[in-house]
Amino acid sequence: MSAIQILFWFLSGLALVSAIMVLISKNPVHSVLWLVMVFFAISGHYILMNAQFLAIVNLIVYAGAIMVLFLFVIMLMNLDKTSDPQKNWWMKLAGVISGGCLLMEMATLVRQAAEMKEKTVMMKEGSIGLIGNLGKLLFSDYVVPFEISSVLFLSAMVGAVVIGKKN
Amino acid sequence: MPIQYYILLALTLFSIGIVGVLTRRNAIIVFMCIELMLNAVNLLLVAFSKMQYNLAFTNNKATVAGSEAQLFVFFIMVVAAAEVSVGLAIIVMMYRNVHSVDVNFLNRLKN
Amino acid sequence: MNQLVYLVPLFPLIGFLINGLGRKSLSKSLIGVIGSGTILASFIVSLVLFFNVKNNGAVVVDYFNFINIDSLKISFAFQIDALSSLFLLIITGVGFLIHVYSTAYMQDEEPQHYGRYFAYLNLFVFSMLLLVMGANYVIMFIGWEGVGLCSYLLIGFWFKNDNYNYAAKKAFVMNRIGDLGFLLAVFWLIAKLGTANYADVFAHASSLTPFDVTAITLLLFVGAMGKSAQIPLYTWLPDAMAGPTPVSALIHAATMVTAGIYMIARSNVLYSMSAVTMNVVAIIGLVTALFSATIALKQNDIKKVLAYSTVSQLGYMFLGLGVGAYTGAVFHVMTHAFFKALLFLGAGSVIHAMHHEQDIRKMGGLKKHLPITHLTFLIGCIAISGIPPFSGFFSKDEILAAAFAKNPVYWGLGVAGAAMTAFYMFRLYATTFLGTFRGTHDQEHHLHESPSAMTIPLMVLALLSVVGGFVGVPEILGGHHELHGFLSSVLTTEVAHESSKNTEYVLMGISVAIAAIAIIFAINKFSKKPELQDAQGFGKVLENKWYVDELYDTFFVKTTLAKAKFLKDIIEKNVIDGAVNGVGKLVNYSSRQLRLIQSGQVGNYILFMVLAIVVVILLWVNDNHLYQYISKLF
């Protein structure tokens with residue numbers, strides 16, 4: 001088993017366990033921290049696939065900015081596990097069962113897809129995930145969406161301010 | 001690594017996100033689960049990107065096939081950031097009004 | 001002459017419309033004139049047609065396409081030949097006399113009901129004319145159903161009496177059983193030959209298989225059984241006496257009930273091809289003749305005696321048909337129409353005089369009070385008993401002679417029936433007209449001879465009953481069988497009379513002698529001390545009509561009612577109502593439950609969304625669509 005495979009399985013297991021812990025944690029703060037773990041694991045996957053730019057952006061934007069925002073909101077509201085609302089048990093059961101069904105179905109489909117069996121993902125190598133390549137594309141072919149996303153941010157900021165303002 | 005492993009991993013993460021949305025009533029946790037699902041999709045996109053690159057690489061060493069998928073992930077992150085800012089603002093607003101983050105209080109759709 | 005044909009049924013139809021629509025505004029006398037006048041007009045046209053047929057032969061007049069489906073073409077056509085023209089004369093002639101009689105008999109009715117009565121009567125004549133004039137079985141069936149309807153309406157004419165309504169219903173239901181047979185036979189004919197035209201059917205009859213012929217003729221005979229009151233469908237006819245007496249005379253004695261005879265005589269080509277059917281017809285006819293004659297022996301209602309006598313005489317006609325004596329049967333139809341109409345009208349006159357008393361035990365000695373009625377009634381009795389030279393003798397003798405040629409047993413039983421006929425007719429005559437009056441003093445005080453509108457038809461019919469037989473005097477008596485010659489164009493040649501002249505004289509002598517003995521015995525027995533008590537022993541069985549009604553009631557009516565009750569109480573209430581209410585309850589309940597789904601909670605909505613996605617993917621996977629779609633991606 002090569003190092004890459006070991007890393008792959010380790011990161012996958014970490015991501016899954018952390019994701020499940022996000023669900024079952026009673027305390028929202030713990031949930032946020034477990035989610036940060038998930039993001040770290042995913043970033044690890046990105047690095048494993050040599051998508052360095054995305055790995056860094058993921059860490060900065062998600063694990064850094066967004067999760068801090070979550071944490072900030074939770075602390076602002078002073079939520080802890082005592083105030084955590086619980087759904088009734090059959091709704092939980094129904095949610096788990098239907099989600100499980102979906103997973104089973106899609107997994108079965110993926111396993112049936114014969115053409116996908118041969119294909120592999122290039123690990124560790126490949127230059128497309130480097131910032132040089134992506135930057136070149138972003139500022140040539142995809143410059144318009146890039147600029148529009150700035151407008152999106154502006155509108156989101158305005159929206160957040162308007163919503164957050166009292167009355 | 002075989003692409004199927006990545007697909008299954010992404011699917012599992014996605015399904016966990018769905019189960020979270022379905023089973024939790026805390027609006028913030030629900031929101032976090034949505035982020036989880038977005039990340040699962042991102043992971044899948046990157047894996048496909050590298051798979052396409054791998055296919056094209058055998059013929060052309062200088063190919064940039066698959067770059068679009070990574071850019072797509074980048075835009076998804078952009079949108080997610082915007083969405084989170086607005087969404088959290090809404091949750092704060094809701095908490096301010098009803099002093100709870102229970103999504104079941106948001107049952108105005110009934111009428 | 002052809003352009004006159006449609007006038008025959010048109011006149012009664014016009015009479016029906018005027019009387020029916022104007023029954024509330026027209027005066028009684030006007031209604032009577034219209035009702036009788038239209039029939040008289042028909043009779044005159046019929047006479048013209050009759051002589052035209054006699055001189056120039058048959059005509060078929062085609063008016064329009066009645067049914068036109070693919071290869072099946074049924075035209076609305078009238079056929080005037082020897083048989084139908086003879087029936088036209090009987091129907092319109094006797095019908096006219098009975099209409100005239102009715103104007104007086106029904107005088108006590110309110111104008112509105114008086115108009116209704118004549119409207120029905122005219123409609124009946126119209127239907128009967130359609131029946132005999134139609135050039136195919138379908139037109140005959142229209143008339144067949146029309147007379148059934150009019151019979152129903154007229155039996156239940158006094159609809160305020162429930163028993164009369166039951167009698168009407170019974171007649172209608174019994175007739176429907178027969179009609180089903182008729183209808184099936186017509187369908188069968190159309191299926192096999194593609195036509196219902198008499199001419200075409202008879203021309204192609206030889207192409208039918210023996211089984212088809214037997215089945216068709218038997219089914220037709222079932223129709224005849226219903227209409228002509230043969231065993232086992234005869235019980236409606238005695239009950240049909242609930243209607244006004246002239247109706248009994250016209251419909252249930254002279255014309256409608258002979259429709260079966262007409263139909264079989266009309267289809268004689270088919271019947272002659274099936275020996276089985278012929279035997280069945282003969283046996284049923286003979287059994288009916290004897291069976292109803294025995295019932296008539298013990299009846300005490302003047303009209304019931306005549307009703308069973310009618311059934312019995314119809315049995316004779318079927319016997320004639322069954323042994324191949326078609327002419328004899330038609331001849332008997334004619335003479336029977338005369339004397340049975342006469343007898344019924346005479347009975348009506350008696351009932352009129354007795355203020356609607358029908359029990360002969362309460363009559364007696366009416367001879368001196370009702371001289372004309374008495375005389376004409378006596379003529380009728382003699383005619384039906386078969387005493388020469390009255391008309392009944394010739395026609396009955398012809399049937400019996402043919403029966404003897406076929407099978408002497410038929411003849412023997414036929415003569416026995418004839419003896420019974422003579423006996424019960426003269427029992428009726430003696431009890432009613434001879435002896436002393438047994439009614440109340442009040443009734444005796446009001447006894448009177450009927451008005452001339454009633455006595456004149458009686459006299460005309462009596463005259464016809466006397467001389468009507470002379471159109472068919474057999475050759476051995478030195479006559480020339482005119483009717484035979486006239487009808488030979490329509491009816492197939494009959495079985496040859498194998499018996500010698502001497503045998504025939506002997507047969508004739510025996511039957512006349514037996515009838516005469518029965519008459520003398522009856523007059524002696526009943527003129528002085530009539531049966532006033534209810535019969536005992538076997539007589540009681542006869543008086544109760546062999547309990548056939550009770551038998552039918554037990555076997556058919558009760559079981560049907562039980563089934564209906566089962567359907568009503570169990571099936572209807574539980575199954576049908578249950579299903580209907582169940583659907584309502586289910587919708588109500590499920591919508592009540594379904595409403596809960598709209599909880600307004602986003603979580604629930606997402607849950608359903610996910611479930612829906614699961615289901616959609618499952619469906620896709622089964623069709624392999626998603627799989628192929630994903631395959632194309634890579």
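Reader: Which residue in the turn of the hairpin formed by strand 1 and strand 2 of chain C has a positive phi?

Author: Happy to start there, keeping in mind that this is a predicted model. Strand 1 (residues 59–69) and strand 2 (residues 72–80) of chain C pair in the antiparallel sense over nine bridges. Two residues lie between these strands in the hairpin. The one in the turn with a positive phi, about 50°, is C:Asp70.

Reader: What is the bridge partner of C:Asn65 in strand 2 of chain C?

Author: The two strands are antiparallel, with nine bridges between them. In strand 2 of chain C, the residue bridged to C:Asn65 is C:Ser75.

Reader: Which residues of helix 1 of chain C are buried?

Author: Let's take the helix itself to begin with: helix 1 of chain C covers residues 7–21 and reaches 21 Å from its first C-alpha to its last, close to the 21 Å expected. What covers its buried residues includes helix 2 (28–56), helix 3 (82–105) and helix 4 (111–133) of chain C. Those buried residues are C:Val8, C:Pro9, C:Phe11, C:Pro12, C:Gly15, C:Phe16, C:Ile18 and C:Asn19.

Reader: Leaving aside neighbours within four places in sequence, which residues is C:Leu129 in contact with?

Author: C:Leu129 is among the residues with the most contacts inside the largest nonpolar core. Three of the buried residues of helix 1 of chain C, namely C:Val8, C:Pro9 and C:Pro12, are in contact with C:Leu129. The full set, with those neighbours left aside, is C:Val8, C:Pro9, C:Pro12, C:Leu88 and C:Ile91.

Reader: Which helix gives the most to the largest nonpolar core, and with how many residues?

Author: That core has 200 residues, and C:Ala329, C:Val330 and C:Ala341 are among those with the most contacts inside it. The helix that gives the most to this core spans residues 326–353 of chain C. Apart from this core lies another, of 83 residues, including A:Met106, B:Met32 and C:Val610. The top contributor to the largest core is helix 15 of chain C, with 17 residues.

Reader: Which helix of chain A gives the most to the side that touches chain B?

Author: Chain A has six helices and zero strands. In this pairing, 69 residues of chain A are in contact with 60 residues of chain B. Helices 1 to 6 of chain A each give two or more residues to that side. The one that gives the most, with 11 residues, is helix 3.

Reader: By class, how many nonpolar, polar and charged residues does that side of chain A have?

Author: The side in question is the one that touches chain B, where 69 residues of chain A make contact. By class, its residues are 51 nonpolar, 14 polar and four charged.

Technical notes
Residues numbered from 1 in each chain as written. Chains lettered and ligands numbered in written order. Predicted model: local features only at pLDDT ≥ 70, side-chain atom pairs only at ≥ 80, totals over all residues. Contact = placed C-beta atoms within 7 Å. Helix = DSSP H or I, 4+ residues; strand = E, 2+ residues; numbered from the N terminus. Nonpolar A, V, L, I, M, F, W, Y, C, P; charged D, E, K, R; others polar. Expected span 1.5 Å × (residues − 1). Buried ≥ 20, exposed ≤ 12 C-beta atoms within 10 Å, placed from the backbone. Core = buried A, V, L, I, M, F, W, Y, C linked by C-beta atoms within 7 Å. Pairing = 2+ DSSP bridges.
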